[in-house]
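Please look over the sequence and the model shown here before reading the notes on its strands, disulfides and salt bridges.

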Amino acid sequence: MPSRILARTLGVVATMTVALTAAPLVNTAHAHTAASGTVSFSGEAGEPISGGRSYAYTAGAVDLFDVQGSTDGNSLAVAIDAREGTFWRLHIAAPEGQKLTEGTTYTGAKQWPDAQPGDPELQFSGTDNGTDKWCGTSSGSFTIQHIAFGLYGYVRELDATFEQFCNGSTVPLRGEVHAVMVEPPVELALGMSVDPHGTVGVPDGRITVGGTVTCNKPVNVSLGGHVFQLQKKQTPVASYGTTVACTPGAPVPWSVALTSQEPGTAFQPGTATLRGSARANDPDYPVTVSTEQQEAAVTLSKG
(Lines give C-alpha, C1' and ligand atoms only; values in the text may rest on other atoms or scores of the structure.)
Protein backbone atom coordinates (compact mmCIF):
# COMPACT_ATOMS: atom_id res chain seq x y z
CA MET A 1 0.00 0.00 0.00
CA PRO A 2 1.32 3.51 -0.77
CA SER A 3 2.38 5.27 2.43
CA ARG A 4 -0.19 8.03 1.98
CA ILE A 5 -3.02 5.51 2.01
CA LEU A 6 -1.49 3.79 5.01
CA ALA A 7 -1.19 7.17 6.74
CA ARG A 8 -4.81 7.98 5.95
CA THR A 9 -5.91 4.71 7.57
CA LEU A 10 -3.97 5.57 10.71
CA GLY A 11 -5.17 9.16 10.64
CA VAL A 12 -8.81 8.12 10.66
CA VAL A 13 -8.23 5.56 13.38
CA ALA A 14 -6.37 8.10 15.48
CA THR A 15 -9.48 10.25 15.69
CA MET A 16 -11.28 7.33 17.29
CA THR A 17 -8.54 6.01 19.55
CA VAL A 18 -10.99 4.29 21.87
CA ALA A 19 -11.55 1.85 19.00
CA LEU A 20 -7.86 1.10 18.41
CA THR A 21 -7.14 -2.62 18.29
CA ALA A 22 -4.22 -4.90 17.69
CA ALA A 23 -5.37 -5.68 14.16
CA PRO A 24 -2.51 -5.72 11.63
CA LEU A 25 -2.24 -2.83 9.22
CA VAL A 26 -3.35 -3.27 5.63
CA ASN A 27 -0.61 -4.55 3.34
CA THR A 28 1.74 -5.46 6.18
CA ALA A 29 2.71 -8.67 7.90
CA HIS A 30 0.42 -9.90 10.64
CA ALA A 31 0.96 -8.71 14.19
CA HIS A 32 3.83 -10.29 16.13
CA THR A 33 4.81 -9.20 19.64
CA ALA A 34 8.42 -8.04 19.86
CA ALA A 35 11.04 -10.34 21.33
CA SER A 36 12.42 -7.36 23.24
CA GLY A 37 12.08 -3.61 23.20
CA THR A 38 11.03 -0.39 24.87
CA VAL A 39 8.91 2.60 23.94
CA SER A 40 9.22 5.76 26.00
CA PHE A 41 7.98 9.32 25.56
CA SER A 42 7.53 12.47 27.61
CA GLY A 43 6.77 16.15 27.41
CA GLU A 44 6.85 19.21 29.62
CA ALA A 45 3.75 20.83 31.09
CA GLY A 46 1.44 22.02 28.33
CA GLU A 47 2.31 19.26 25.86
CA PRO A 48 -1.11 17.84 24.79
CA ILE A 49 -0.31 14.13 24.40
CA SER A 50 1.84 13.49 27.47
CA GLY A 51 0.27 16.16 29.68
CA GLY A 52 3.73 16.82 31.09
CA ARG A 53 4.22 13.19 32.15
CA SER A 54 6.73 10.49 31.23
CA TYR A 55 5.70 7.05 29.94
CA ALA A 56 7.68 3.87 29.36
CA TYR A 57 6.62 0.44 28.10
CA THR A 58 8.59 -2.78 27.77
CA ALA A 59 7.91 -5.75 25.50
CA GLY A 60 6.65 -8.67 27.53
CA ALA A 61 5.06 -6.40 30.13
CA VAL A 62 2.25 -5.18 27.84
CA ASP A 63 -0.52 -6.93 25.89
CA LEU A 64 0.94 -5.94 22.52
CA PHE A 65 4.28 -4.50 21.42
CA ASP A 66 4.34 -4.62 17.63
CA VAL A 67 6.29 -2.95 14.83
CA GLN A 68 4.98 -3.32 11.28
CA GLY A 69 6.45 -2.00 8.05
CA SER A 70 4.87 -1.37 4.67
CA THR A 71 5.93 -3.74 1.89
CA ASP A 72 7.95 -1.02 0.15
CA GLY A 73 9.89 -0.06 3.31
CA ASN A 74 8.51 3.48 3.09
CA SER A 75 6.63 3.55 6.39
CA LEU A 76 6.17 1.75 9.67
CA ALA A 77 3.81 1.72 12.61
CA VAL A 78 4.45 0.93 16.26
CA ALA A 79 1.56 -0.37 18.34
CA ILE A 80 1.45 -0.55 22.13
CA ASP A 81 -1.53 -2.04 23.96
CA ALA A 82 -0.62 -1.52 27.60
CA ARG A 83 -3.90 -2.52 29.23
CA GLU A 84 -7.61 -2.05 28.66
CA GLY A 85 -8.20 1.61 27.84
CA THR A 86 -4.54 2.42 27.14
CA PHE A 87 -3.25 2.23 23.56
CA TRP A 88 -0.49 4.12 21.75
CA ARG A 89 0.26 4.27 18.02
CA LEU A 90 3.23 5.78 16.19
CA HIS A 91 3.27 6.16 12.42
CA ILE A 92 6.35 7.41 10.54
CA ALA A 93 7.08 7.50 6.82
CA ALA A 94 9.78 8.73 4.49
CA PRO A 95 8.73 11.00 1.60
CA GLU A 96 6.67 9.16 -0.98
CA GLY A 97 8.75 6.81 -3.11
CA GLN A 98 11.61 6.62 -0.62
CA LYS A 99 12.59 3.88 1.80
CA LEU A 100 13.22 4.54 5.48
CA THR A 101 17.00 4.73 5.73
CA GLU A 102 19.26 4.02 8.67
CA GLY A 103 21.19 7.04 9.96
CA THR A 104 18.75 9.56 8.48
CA THR A 105 16.93 12.37 10.28
CA TYR A 106 13.65 13.36 8.63
CA THR A 107 12.70 16.96 9.33
CA GLY A 108 9.54 18.85 8.44
CA ALA A 109 7.38 15.79 9.10
CA LYS A 110 3.60 16.26 9.16
CA GLN A 111 0.60 14.06 9.78
CA TRP A 112 -2.04 13.11 7.24
CA PRO A 113 -3.81 14.89 5.59
CA ASP A 114 -1.42 17.85 5.82
CA ALA A 115 1.59 15.91 4.54
CA GLN A 116 2.35 16.35 0.85
CA PRO A 117 4.05 13.67 -1.33
CA GLY A 118 7.50 15.20 -0.69
CA ASP A 119 7.02 15.40 3.08
CA PRO A 120 7.97 12.77 5.65
CA GLU A 121 5.11 11.78 7.94
CA LEU A 122 4.85 11.58 11.71
CA GLN A 123 1.88 10.91 13.92
CA PHE A 124 1.79 9.80 17.55
CA SER A 125 -1.54 9.40 19.35
CA GLY A 126 -3.45 7.08 21.60
CA THR A 127 -5.86 6.57 24.45
CA ASP A 128 -4.54 6.97 27.98
CA ASN A 129 -6.66 5.15 30.55
CA GLY A 130 -9.78 5.84 28.48
CA THR A 131 -8.90 9.46 27.59
CA ASP A 132 -8.27 10.18 23.91
CA LYS A 133 -4.90 11.77 23.14
CA TRP A 134 -4.57 12.89 19.53
CA CYS A 135 -3.62 15.88 17.42
CA GLY A 136 -5.73 17.64 14.84
CA THR A 137 -2.50 18.80 13.24
CA SER A 138 1.12 18.09 14.08
CA SER A 139 4.66 18.64 12.88
CA GLY A 140 8.05 17.39 13.91
CA SER A 141 10.96 15.16 13.02
CA PHE A 142 12.27 11.66 13.55
CA THR A 143 15.58 9.85 13.25
CA ILE A 144 16.08 6.25 12.15
CA GLN A 145 19.19 5.30 14.09
CA HIS A 146 18.99 1.66 13.04
CA ILE A 147 16.56 -0.42 11.01
CA ALA A 148 16.74 -3.94 9.61
CA PHE A 149 14.11 -5.23 7.20
CA GLY A 150 13.01 -8.76 6.44
CA LEU A 151 10.62 -10.09 3.81
CA TYR A 152 7.93 -7.76 2.45
CA GLY A 153 8.96 -4.89 4.72
CA TYR A 154 8.94 -6.97 7.91
CA VAL A 155 10.80 -4.87 10.48
CA ARG A 156 13.27 -7.11 12.30
CA GLU A 157 15.05 -4.40 14.34
CA LEU A 158 14.37 -0.73 14.99
CA ASP A 159 15.99 2.10 16.94
CA ALA A 160 14.35 5.47 16.37
CA THR A 161 13.66 8.78 18.10
CA PHE A 162 10.93 11.31 17.36
CA GLU A 163 9.82 14.82 18.28
CA GLN A 164 6.24 16.00 17.71
CA PHE A 165 4.56 19.38 18.11
CA CYS A 166 0.82 18.84 18.54
CA ASN A 167 -1.94 21.31 17.59
CA GLY A 168 0.49 24.20 17.20
CA SER A 169 2.03 23.73 20.64
CA THR A 170 5.56 25.06 21.11
CA VAL A 171 6.22 22.34 23.68
CA PRO A 172 7.40 19.09 22.02
CA LEU A 173 6.67 15.48 22.78
CA ARG A 174 9.89 13.46 22.58
CA GLY A 175 10.05 9.69 22.35
CA GLU A 176 12.21 6.68 21.59
CA VAL A 177 11.52 3.24 20.15
CA HIS A 178 13.87 0.28 20.46
CA ALA A 179 12.65 -3.10 19.25
CA VAL A 180 13.89 -6.52 18.22
CA MET A 181 11.09 -8.49 16.63
CA VAL A 182 10.66 -12.25 16.62
CA GLU A 183 12.16 -14.09 13.67
CA PRO A 184 9.95 -13.50 10.64
CA PRO A 185 7.71 -16.36 9.52
CA VAL A 186 8.78 -18.35 6.49
CA GLU A 187 7.22 -17.55 3.15
CA LEU A 188 4.33 -19.71 2.04
CA ALA A 189 5.41 -22.58 -0.21
CA LEU A 190 2.82 -24.49 -2.26
CA GLY A 191 3.01 -27.66 -4.28
CA MET A 192 0.46 -29.28 -6.57
CA SER A 193 0.36 -32.66 -8.28
CA VAL A 194 -2.08 -34.29 -10.69
CA ASP A 195 -3.18 -37.91 -10.38
CA PRO A 196 -2.42 -39.59 -13.73
CA HIS A 197 -5.55 -41.71 -13.35
CA GLY A 198 -9.19 -40.60 -13.38
CA THR A 199 -12.62 -42.08 -13.99
CA VAL A 200 -15.35 -41.46 -16.53
CA GLY A 201 -18.99 -42.47 -16.48
CA VAL A 202 -20.53 -44.07 -19.52
CA PRO A 203 -22.64 -42.89 -21.26
CA ASP A 204 -22.99 -39.56 -19.34
CA GLY A 205 -19.28 -38.69 -19.75
CA ARG A 206 -18.93 -37.37 -16.18
CA ILE A 207 -15.28 -37.49 -15.14
CA THR A 208 -13.51 -37.36 -11.77
CA VAL A 209 -9.94 -36.09 -11.72
CA GLY A 210 -7.69 -34.81 -8.94
CA GLY A 211 -4.34 -34.91 -7.24
CA THR A 212 -2.71 -33.52 -4.11
CA VAL A 213 -1.48 -30.20 -2.71
CA THR A 214 1.27 -29.52 -0.19
CA CYS A 215 2.02 -26.47 1.97
CA ASN A 216 4.39 -25.45 4.73
CA LYS A 217 1.73 -23.70 6.85
CA PRO A 218 -2.06 -24.04 7.14
CA VAL A 219 -3.88 -22.30 4.27
CA ASN A 220 -6.95 -22.63 2.09
CA VAL A 221 -5.70 -23.50 -1.38
CA SER A 222 -7.71 -22.57 -4.47
CA LEU A 223 -7.27 -24.85 -7.48
CA GLY A 224 -8.43 -24.01 -10.97
CA GLY A 225 -7.98 -25.01 -14.58
CA HIS A 226 -9.61 -27.09 -17.27
CA VAL A 227 -9.66 -30.60 -18.74
CA PHE A 228 -10.03 -31.43 -22.43
CA GLN A 229 -9.94 -34.55 -24.54
CA LEU A 230 -9.01 -34.67 -28.22
CA GLN A 231 -11.38 -37.09 -29.95
CA LYS A 232 -11.79 -37.89 -33.65
CA LYS A 233 -14.85 -35.69 -34.19
CA GLN A 234 -15.14 -33.56 -31.05
CA THR A 235 -13.24 -32.09 -28.14
CA PRO A 236 -15.06 -32.11 -24.79
CA VAL A 237 -13.82 -29.40 -22.41
CA ALA A 238 -14.61 -28.71 -18.75
CA SER A 239 -13.34 -25.99 -16.43
CA TYR A 240 -12.97 -26.55 -12.71
CA GLY A 241 -12.41 -24.62 -9.51
CA THR A 242 -12.29 -25.94 -5.97
CA THR A 243 -10.80 -25.11 -2.57
CA VAL A 244 -9.07 -27.45 -0.14
CA ALA A 245 -7.82 -26.88 3.41
CA CYS A 246 -4.12 -27.65 3.40
CA THR A 247 -2.06 -28.44 6.49
CA PRO A 248 1.68 -29.11 6.61
CA GLY A 249 2.79 -32.72 6.52
CA ALA A 250 1.32 -35.33 4.23
CA PRO A 251 -0.02 -34.29 0.79
CA VAL A 252 -3.69 -33.31 0.92
CA PRO A 253 -5.92 -34.85 -1.78
CA TRP A 254 -8.23 -32.85 -4.02
CA SER A 255 -10.71 -33.95 -6.69
CA VAL A 256 -13.40 -32.52 -8.94
CA ALA A 257 -16.28 -34.10 -10.86
CA LEU A 258 -16.96 -32.56 -14.27
CA THR A 259 -18.99 -32.87 -17.44
CA SER A 260 -18.16 -31.31 -20.79
CA GLN A 261 -19.23 -27.71 -21.28
CA GLU A 262 -19.17 -28.06 -25.07
CA PRO A 263 -22.69 -28.84 -26.37
CA GLY A 264 -23.04 -32.27 -27.88
CA THR A 265 -19.72 -33.58 -26.51
CA ALA A 266 -18.88 -36.04 -23.75
CA PHE A 267 -15.71 -37.43 -22.23
CA GLN A 268 -14.86 -41.03 -23.05
CA PRO A 269 -12.45 -43.63 -21.66
CA GLY A 270 -8.95 -42.80 -22.81
CA THR A 271 -6.40 -40.02 -22.34
CA ALA A 272 -7.40 -36.46 -21.43
CA THR A 273 -5.28 -33.42 -20.65
CA LEU A 274 -5.52 -31.40 -17.43
CA ARG A 275 -4.09 -27.91 -17.18
CA GLY A 276 -4.26 -26.15 -13.83
CA SER A 277 -2.56 -24.42 -10.93
CA ALA A 278 -2.99 -23.75 -7.23
CA ARG A 279 -2.89 -20.47 -5.31
CA ALA A 280 -3.28 -19.28 -1.72
CA ASN A 281 -2.89 -16.11 0.33
CA ASP A 282 0.11 -16.16 2.65
CA PRO A 283 -1.36 -15.81 6.18
CA ASP A 284 1.70 -13.88 7.39
CA TYR A 285 2.48 -11.59 4.45
CA PRO A 286 0.39 -9.50 2.02
CA VAL A 287 1.12 -11.74 -0.94
CA THR A 288 -0.61 -14.45 -2.96
CA VAL A 289 1.47 -17.50 -3.85
CA SER A 290 0.74 -19.51 -7.00
CA THR A 291 2.18 -22.68 -8.45
CA GLU A 292 3.25 -22.79 -12.06
CA GLN A 293 0.53 -24.01 -14.40
CA GLN A 294 0.82 -27.72 -14.91
CA GLU A 295 -0.17 -29.78 -17.91
CA ALA A 296 -0.61 -33.48 -17.29
CA ALA A 297 -2.03 -36.47 -19.16
CA VAL A 298 -4.81 -38.24 -17.28
CA THR A 299 -5.99 -41.73 -18.22
CA LEU A 300 -9.77 -41.93 -17.83
CA SER A 301 -11.10 -45.38 -17.00
CA LYS A 302 -14.70 -46.45 -16.66
CA GLY A 303 -15.89 -45.84 -13.14
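The briefing below starts with the overall make-up and then turns to particular strands and side-chain links. This is a predicted model, and its protein chain contains one helix and 20 strands. Of the 303 residues of the chain, 48% count as buried.

**Overall make-up**

- Among the contacts in the protein chain with a separation of 6 or more, 65% are between residues that lie 24 or more positions apart.
- The surface that the protein chain exposes comes to about 13,800 Å², and carbon and sulfur atoms supply 51% of that area.

**Strand β5 and its partners**

- Strand β5, which spans residues 86–93, is mostly covered, with eight of its eight residues buried.
- From β5, the residues Thr 86, Trp 88, Leu 90 and Ile 92 point one way, while Phe 87, Arg 89, His 91 and Ala 93 point the other way, and all of them are buried.
- On one hand β5 pairs with strand β4 (residues 75–83) in the antiparallel sense over eight bridges, and within this pairing Ile 80 has Trp 88 of β5 as its bridge partner.
- The hairpin formed by β4 and β5 has two residues between the strands, and in this hairpin Gly 85 takes a positive phi near 90°.
- Strand β5 also runs antiparallel to strand β7 (residues 121–128), to which it is joined by seven bridges, and here Phe 87 stands opposite Thr 127 of β7.
- Arg 89 of β5 forms a side-chain salt bridge with Asp 81 at 2.9 Å, N to O, and both of these charged residues are buried.

**Disulfides**

- The count of disulfides comes to two, and, with bonded cysteines counted along the chain, they follow the pattern 1-2, 3-4.
- Cys 135 is joined to Cys 166 with an S to S distance of 2.0 Å; Cys 135 sits in the loop between β8 (131–133) and β9 (138–149), whereas Cys 166 belongs to strand β10 (residues 155–166), so that the pair links distant parts of the chain, 31 residues apart.
- The torsion about the S-S bond of Cys 135 and Cys 166 is about -125°, and therefore this disulfide is left-handed; both Cys 135 and Cys 166 are buried.
- Cys 215 is joined to Cys 246 with an S to S distance of 2.2 Å; because Cys 215 lies in strand β14 (residues 207–215) and Cys 246 in strand β16 (residues 237–246), the pair ties together parts that are 31 residues apart in sequence.
- The S-S torsion of Cys 215 and Cys 246 is about -105°, which makes this disulfide left-handed, and Cys 215 and Cys 246 are both buried.

**Salt bridges**

- The structure holds seven salt bridges, and one of the arrangements is a network that links Lys 217, Asp 282 and Asp 284.
- Glu 183 and Arg 156 meet through their side chains at 2.8 Å, N to O; since Glu 183 lies in the loop between β11 (173–180) and β12 (190–194) and Arg 156 in strand β10, the pair ties together parts that are 27 residues apart in sequence.
- Glu 183 is exposed, with a relative accessible area of 58%, whereas Arg 156 counts as partly exposed at 29% relative accessibility.
- Glu 295 and Arg 275 form a side-chain salt bridge at 2.6 Å, N to O, linking distant parts of the chain, with Glu 295 in strand β20 (residues 294–302) and Arg 275 in strand β18 (residues 270–281), 20 residues apart.
- Glu 295 counts as exposed at 54% relative accessibility, and Arg 275 as partly exposed at 28%.

Definitions and conventions
Residues are numbered from 1 along each chain as its sequence is written. This is a predicted model: local features need pLDDT of at least 70, side-chain atom pairs count only at pLDDT 80 or more; totals for chains, interfaces and linings use all residues. Side-chain values use heavy atoms; hydrogens and water are left out. Helices (H or I, at least four residues) and strands (E, at least two) are DSSP runs, numbered from the N terminus. Buried means under 20% relative accessible area, exposed over 50%, partly exposed in between (1.4 Å probe, protein chains only). Contact means heavy atoms within 4.5 Å. Accessible areas come from the Shrake-Rupley method with a 1.4 Å probe; for residues, only the protein chains shown count as cover. A disulfide is a pair of cysteine sulfur atoms within 2.5 Å. Two strands pair if DSSP finds at least two bridges between them. A salt bridge is a side-chain nitrogen of Lys or Arg within 4 Å of a carboxyl oxygen of Asp or Glu.
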